[in-house]
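Trainee: I would like to go through this fold step by step. Please give the reasoning before each answer.

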Amino acid sequence: QELPGDFVLLSQIDPSIQQDLRYAGRHNFMGRRIAGYDGNECVVKRAVGAALREVQRELRPRGLSLKMLDCYRPVRASRDMVAWAQDGRETAAERRYNPGFSKAELFRLGYIAERSGHSTGAAVDLTLVDLRAPKGPPFDPSRDYADCTAPAALRAPEGSVDMGTGYDCSDAKAHTAARSISAEQRRWRTILVGAMTRQGFVNYSKEWWHFSMPGVASGAYDFPVPRR
Ligand SMILES: C[C@@H](N)C(=O)N[C@H](C)C(=O)O
Ligand SMILES: [Zn+2]
(Lines give C-alpha, C1' and ligand atoms only; values in the text may rest on other atoms or scores of the structure.)
(Ligands and ions follow the chains in the order given, each with its own letter.)
Protein backbone atom coordinates (compact mmCIF):
# COMPACT_ATOMS: atom_id res chain seq x y z
CA GLN A 1 0.00 0.00 0.00
CA GLU A 2 1.33 3.43 -0.98
CA LEU A 3 1.30 5.87 1.93
CA PRO A 4 2.45 9.49 1.69
CA GLY A 5 5.27 11.11 3.64
CA ASP A 6 6.88 8.95 6.26
CA PHE A 7 3.70 7.05 7.16
CA VAL A 8 3.77 3.30 7.82
CA LEU A 9 1.30 0.54 8.67
CA LEU A 10 1.87 -0.36 12.32
CA SER A 11 1.02 -4.00 11.47
CA GLN A 12 4.19 -4.12 9.35
CA ILE A 13 6.34 -2.80 12.19
CA ASP A 14 4.85 -4.94 14.98
CA PRO A 15 2.01 -7.36 14.12
CA SER A 16 1.68 -8.35 17.80
CA ILE A 17 0.20 -4.96 18.74
CA GLN A 18 -3.58 -5.34 18.80
CA GLN A 19 -5.74 -2.97 16.74
CA ASP A 20 -9.36 -1.97 17.29
CA LEU A 21 -9.76 1.33 15.44
CA ARG A 22 -13.07 2.29 16.92
CA TYR A 23 -13.86 5.05 14.42
CA ALA A 24 -13.89 2.43 11.61
CA GLY A 25 -17.02 0.82 13.13
CA ARG A 26 -20.04 1.57 15.36
CA HIS A 27 -18.47 1.23 18.80
CA ASN A 28 -17.65 4.94 19.24
CA PHE A 29 -19.19 8.22 20.41
CA MET A 30 -20.86 8.86 17.04
CA GLY A 31 -22.33 5.34 16.83
CA ARG A 32 -21.26 4.90 13.22
CA ARG A 33 -18.19 4.74 11.00
CA ILE A 34 -16.51 8.16 10.88
CA ALA A 35 -15.60 9.74 7.51
CA GLY A 36 -12.22 8.69 6.15
CA TYR A 37 -11.94 5.45 8.13
CA ASP A 38 -12.09 2.95 5.26
CA GLY A 39 -10.49 0.23 7.36
CA ASN A 40 -9.30 -0.95 10.76
CA GLU A 41 -5.61 -0.31 10.09
CA CYS A 42 -3.34 1.73 12.33
CA VAL A 43 -1.23 4.17 10.31
CA VAL A 44 1.44 6.29 12.02
CA LYS A 45 4.67 8.15 11.27
CA ARG A 46 7.63 5.75 11.14
CA ALA A 47 9.23 7.14 14.32
CA VAL A 48 5.96 6.64 16.20
CA GLY A 49 5.70 3.04 14.97
CA ALA A 50 9.28 2.29 16.03
CA ALA A 51 8.62 3.72 19.50
CA LEU A 52 5.39 1.70 19.87
CA ARG A 53 7.34 -1.47 19.01
CA GLU A 54 9.71 -0.67 21.91
CA VAL A 55 6.78 -0.09 24.28
CA GLN A 56 5.32 -3.45 23.23
CA ARG A 57 8.72 -5.11 23.74
CA GLU A 58 8.72 -3.87 27.34
CA LEU A 59 5.12 -4.96 28.00
CA ARG A 60 5.03 -8.46 26.47
CA PRO A 61 7.18 -10.20 29.13
CA ARG A 62 4.70 -8.87 31.71
CA GLY A 63 1.81 -10.60 29.90
CA LEU A 64 0.49 -7.32 28.49
CA SER A 65 -0.11 -5.94 25.00
CA LEU A 66 -0.88 -2.54 23.58
CA LYS A 67 -4.23 -2.15 21.81
CA MET A 68 -4.52 0.74 19.34
CA LEU A 69 -7.87 2.59 19.42
CA ASP A 70 -7.04 5.46 17.05
CA CYS A 71 -3.90 6.36 15.10
CA TYR A 72 -3.63 8.64 12.05
CA ARG A 73 -6.97 10.48 11.64
CA PRO A 74 -7.83 12.06 8.24
CA VAL A 75 -8.77 15.77 8.38
CA ARG A 76 -12.18 14.85 6.91
CA ALA A 77 -12.85 12.73 10.04
CA SER A 78 -12.34 15.77 12.27
CA ARG A 79 -14.73 17.73 10.03
CA ASP A 80 -17.27 14.92 10.42
CA MET A 81 -16.88 15.13 14.23
CA VAL A 82 -17.41 18.92 14.21
CA ALA A 83 -20.59 18.62 12.09
CA TRP A 84 -21.92 15.82 14.33
CA ALA A 85 -21.30 17.83 17.50
CA GLN A 86 -23.25 20.75 16.05
CA ASP A 87 -26.22 18.85 14.62
CA GLY A 88 -28.50 19.73 17.55
CA ARG A 89 -29.51 16.10 18.26
CA GLU A 90 -28.22 13.79 20.98
CA THR A 91 -29.18 10.14 21.51
CA ALA A 92 -28.90 8.23 24.80
CA ALA A 93 -26.18 6.04 23.25
CA GLU A 94 -24.14 9.13 22.35
CA ARG A 95 -24.66 10.65 25.78
CA ARG A 96 -22.97 7.65 27.40
CA TYR A 97 -19.65 9.19 26.32
CA ASN A 98 -20.27 12.65 27.82
CA PRO A 99 -22.72 12.10 30.70
CA GLY A 100 -22.03 15.46 32.35
CA PHE A 101 -22.62 17.88 29.48
CA SER A 102 -23.91 18.12 25.92
CA LYS A 103 -21.90 16.99 22.91
CA ALA A 104 -21.89 20.59 21.62
CA GLU A 105 -19.39 21.34 24.44
CA LEU A 106 -16.87 18.61 23.53
CA PHE A 107 -14.59 20.85 21.47
CA ARG A 108 -14.67 23.85 23.84
CA LEU A 109 -13.80 21.58 26.78
CA GLY A 110 -10.82 20.06 24.97
CA TYR A 111 -12.03 16.47 24.60
CA ILE A 112 -11.93 16.60 20.78
CA ALA A 113 -9.70 18.87 18.71
CA GLU A 114 -10.85 20.60 15.54
CA ARG A 115 -7.26 20.39 14.30
CA SER A 116 -6.10 17.14 15.81
CA GLY A 117 -2.53 15.94 16.29
CA HIS A 118 -3.84 12.58 15.05
CA SER A 119 -3.96 14.04 11.51
CA THR A 120 -0.16 14.46 11.59
CA GLY A 121 0.45 10.78 12.38
CA ALA A 122 2.20 11.74 15.63
CA ALA A 123 -0.68 11.04 18.06
CA VAL A 124 -2.27 7.76 19.11
CA ASP A 125 -5.08 6.55 21.39
CA LEU A 126 -4.39 3.23 23.04
CA THR A 127 -4.95 0.97 26.01
CA LEU A 128 -3.58 -2.21 27.58
CA VAL A 129 -4.75 -5.80 27.18
CA ASP A 130 -4.00 -8.40 29.87
CA LEU A 131 -3.07 -11.40 27.71
CA ARG A 132 -3.74 -13.82 30.60
CA ALA A 133 -7.30 -12.52 31.29
CA PRO A 134 -10.42 -14.17 29.80
CA LYS A 135 -11.57 -12.58 26.54
CA GLY A 136 -14.85 -10.97 27.65
CA PRO A 137 -18.05 -10.37 25.65
CA PRO A 138 -18.17 -8.50 22.32
CA PHE A 139 -19.77 -5.04 22.01
CA ASP A 140 -23.52 -5.30 21.25
CA PRO A 141 -24.81 -2.11 19.53
CA SER A 142 -28.42 -2.95 20.49
CA ARG A 143 -27.74 -2.95 24.26
CA ASP A 144 -28.30 -0.06 26.67
CA TYR A 145 -25.00 0.05 28.50
CA ALA A 146 -24.32 2.33 31.46
CA ASP A 147 -22.31 5.48 30.83
CA CYS A 148 -18.54 5.51 30.40
CA THR A 149 -17.87 6.43 34.05
CA ALA A 150 -19.79 3.42 35.46
CA PRO A 151 -18.10 0.24 36.80
CA ALA A 152 -16.53 -1.82 34.00
CA ALA A 153 -19.11 -4.63 34.30
CA LEU A 154 -21.92 -2.19 33.46
CA ARG A 155 -20.37 -0.12 30.68
CA ALA A 156 -19.82 -1.18 27.04
CA PRO A 157 -17.15 -3.93 26.88
CA GLU A 158 -13.77 -2.98 25.41
CA GLY A 159 -11.64 -6.14 25.76
CA SER A 160 -8.97 -4.37 27.76
CA VAL A 161 -7.90 -3.71 31.34
CA ASP A 162 -10.10 -1.46 33.52
CA MET A 163 -8.66 2.05 33.34
CA GLY A 164 -11.56 3.47 35.39
CA THR A 165 -13.54 4.77 32.39
CA GLY A 166 -14.26 3.64 28.87
CA TYR A 167 -12.32 4.96 25.87
CA ASP A 168 -13.34 8.47 24.74
CA CYS A 169 -15.10 9.13 28.02
CA SER A 170 -15.36 12.90 28.17
CA ASP A 171 -15.41 13.32 31.93
CA ALA A 172 -13.13 14.38 34.79
CA LYS A 173 -12.81 10.69 35.73
CA ALA A 174 -10.91 10.11 32.47
CA HIS A 175 -8.35 12.79 33.32
CA THR A 176 -5.15 10.81 33.71
CA ALA A 177 -4.51 11.98 37.27
CA ALA A 178 -8.15 11.66 38.43
CA ARG A 179 -8.46 10.78 42.14
CA SER A 180 -11.93 9.25 41.73
CA ILE A 181 -10.62 5.85 40.53
CA SER A 182 -9.51 2.71 42.41
CA ALA A 183 -5.92 1.80 43.26
CA GLU A 184 -6.02 -1.00 40.67
CA GLN A 185 -7.29 1.36 37.93
CA ARG A 186 -4.56 3.86 38.87
CA ARG A 187 -1.96 1.09 38.65
CA TRP A 188 -3.00 0.32 35.01
CA ARG A 189 -2.81 3.99 34.05
CA THR A 190 0.61 4.26 35.68
CA ILE A 191 1.89 1.22 33.76
CA LEU A 192 0.63 2.63 30.43
CA VAL A 193 1.89 6.17 31.00
CA GLY A 194 5.26 4.91 32.31
CA ALA A 195 5.90 2.60 29.36
CA MET A 196 4.88 5.26 26.81
CA THR A 197 6.84 8.06 28.49
CA ARG A 198 10.02 5.96 28.51
CA GLN A 199 9.82 5.83 24.68
CA GLY A 200 9.33 9.58 24.24
CA PHE A 201 5.54 9.93 24.23
CA VAL A 202 3.68 12.65 26.11
CA ASN A 203 0.25 11.96 27.63
CA TYR A 204 -2.68 14.39 27.32
CA SER A 205 -3.80 15.18 30.86
CA LYS A 206 -7.56 15.07 30.02
CA GLU A 207 -7.46 11.61 28.38
CA TRP A 208 -5.61 8.61 29.83
CA TRP A 209 -5.55 7.02 26.33
CA HIS A 210 -4.11 9.91 24.23
CA PHE A 211 -0.36 10.23 23.62
CA SER A 212 1.70 12.23 21.15
CA MET A 213 5.34 12.24 20.13
CA PRO A 214 6.95 15.70 20.09
CA GLY A 215 9.05 16.67 17.07
CA VAL A 216 7.45 14.20 14.63
CA ALA A 217 4.49 16.20 13.25
CA SER A 218 4.93 17.91 9.87
CA GLY A 219 1.46 19.05 8.85
CA ALA A 220 -1.99 17.49 8.68
CA TYR A 221 -3.00 14.85 6.07
CA ASP A 222 -6.32 13.78 4.58
CA PHE A 223 -5.73 10.42 2.86
CA PRO A 224 -8.22 7.73 3.97
CA VAL A 225 -7.29 5.10 6.54
CA PRO A 226 -6.68 2.03 4.35
CA ARG A 227 -8.45 -1.32 4.47
CA ARG A 228 -6.54 -4.35 5.68
C1 LIG B 1 -11.50 12.25 20.36
C2 LIG B 1 -10.35 11.75 21.19
N3 LIG B 1 -10.13 10.38 20.90
C4 LIG B 1 -9.09 12.56 20.91
O5 LIG B 1 -8.23 12.09 20.23
N6 LIG B 1 -9.07 13.79 21.44
C7 LIG B 1 -7.99 14.68 21.12
C8 LIG B 1 -8.11 15.96 21.91
C9 LIG B 1 -7.99 14.99 19.62
O10 LIG B 1 -9.06 15.04 19.01
O11 LIG B 1 -6.89 15.23 19.09
ZN1 LIG C 1 -6.47 10.93 20.74
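Trainee: Among contacts in the protein chain with a separation of 6 or more, what share comes from residues 24 or more positions apart?
Mentor: This is a predicted model. The protein chain has five helices and seven strands, in the sequence pattern β-α-β-β-α-β-α-α-β-α-β-β. Of the contacts with a separation of 6 or more, the share from residues 24 or more positions apart is 73%.

Trainee: What radius of gyration does the protein chain have, and what would a compact globule give?
Mentor: The C-alpha atoms fill a box of roughly 40 × 40 × 30 Å along the principal axes. For 228 residues, a compact globule would come near 17 Å, and the protein chain agrees with that, at 16 Å.

Trainee: In what order do the strands of the five-stranded open sheet stand?
Mentor: E4 and E5 run antiparallel and are joined by six bridges, while E5 and E7 pair in the antiparallel sense over three bridges. E2 and E4, by contrast, run parallel, with two bridges. The pairing of the open sheet is therefore described as mixed, and the order is E2-E4-E5-E7-E6.

Trainee: Which strands of that sheet have one side without a neighbour?
Mentor: Each strand at an edge has a single partner strand, so one of its sides is left free in the sheet. At one edge, Gln 19 stands opposite Met 68 in E4. The two edge strands are E2 (18–19) and E6.

Trainee: How many residues of E5 are buried?
Mentor: Across the protein chain, 41% of the 228 residues count as buried. E5 is largely enclosed by the rest of the structure, because the buried residues in this strand number seven of the eight.

Trainee: Which residue in E7 is the bridge partner of Val 124?
Mentor: Val 124 belongs to the largest nonpolar core, which has 54 residues, and is among those that touch the most other members, as are Leu 66 and Met 68. Elements giving two or more residues to this core include strand E4 (64–70), strand E5 (123–130) and strand E7 (207–212). Beyond four places in sequence, the contacts of Val 124 include Val 44, Met 68, Cys 71 and Phe 211. The bridge partner in E7 is Phe 211.

Trainee: Which residue in E5 does Leu 66 stand opposite?
Mentor: Strand E4 (64–70) contributes to the largest nonpolar core, and E4 is joined to E5 by six bridges. Opposite Leu 66 in E5 stands Leu 128.

Trainee: Is Asp 168, one of the residues around ligand 1, buried or exposed?
Mentor: The shell around ligand 1 has two nonpolar, four polar and four charged residues. Asp 168 lies in the loop between E5 and H5, and has a positive phi of about 60° although it is not a glycine. With 25 other C-beta atoms within 10 Å, where 20 or more are required, Asp 168 is buried.

Trainee: How many other C-beta atoms lie within 10 Å of Gln 199?
Mentor: Gln 199 lies in the loop between H5 and strand E6 (202–204). Leaving aside neighbours within four places in sequence, Gln 199 is in contact with Ala 51, Glu 54 and Val 55. The C-alpha atoms of Gln 199 and Gln 56 are separated by 10 Å, with these positions 143 residues apart along the chain. Gln 199 is partly exposed, and the count within 10 Å is 18.

Key:
Residues are numbered from 1 along each chain as its sequence is written. Chains are lettered from A and ligands numbered from 1 in the order in which they are written. This is a predicted model: local features need pLDDT of at least 70, side-chain atom pairs count only at pLDDT 80 or more; totals for chains, interfaces and linings use all residues. A nonpolar core is a set of buried Ala, Val, Leu, Ile, Met, Phe, Trp, Tyr and Cys residues joined through C-beta atoms within 7 Å. A residue is buried if 20 or more other C-beta atoms lie within 10 Å of its own, exposed if 12 or fewer, and partly exposed in between; C-beta atoms are placed from the backbone. Helices (H or I, at least four residues) and strands (E, at least two) are DSSP runs, numbered from the N terminus. Two residues are in contact if their C-beta atoms, placed from the backbone, lie within 7 Å. Two strands pair if DSSP finds at least two bridges between them. The radius of gyration is taken over C-alpha atoms; the globule rule is 2.2 Å times the number of residues to the power 0.38. Ala, Val, Leu, Ile, Met, Phe, Trp, Tyr, Cys and Pro count as nonpolar, Asp, Glu, Lys and Arg as charged, and the others, Gly among them, as polar.
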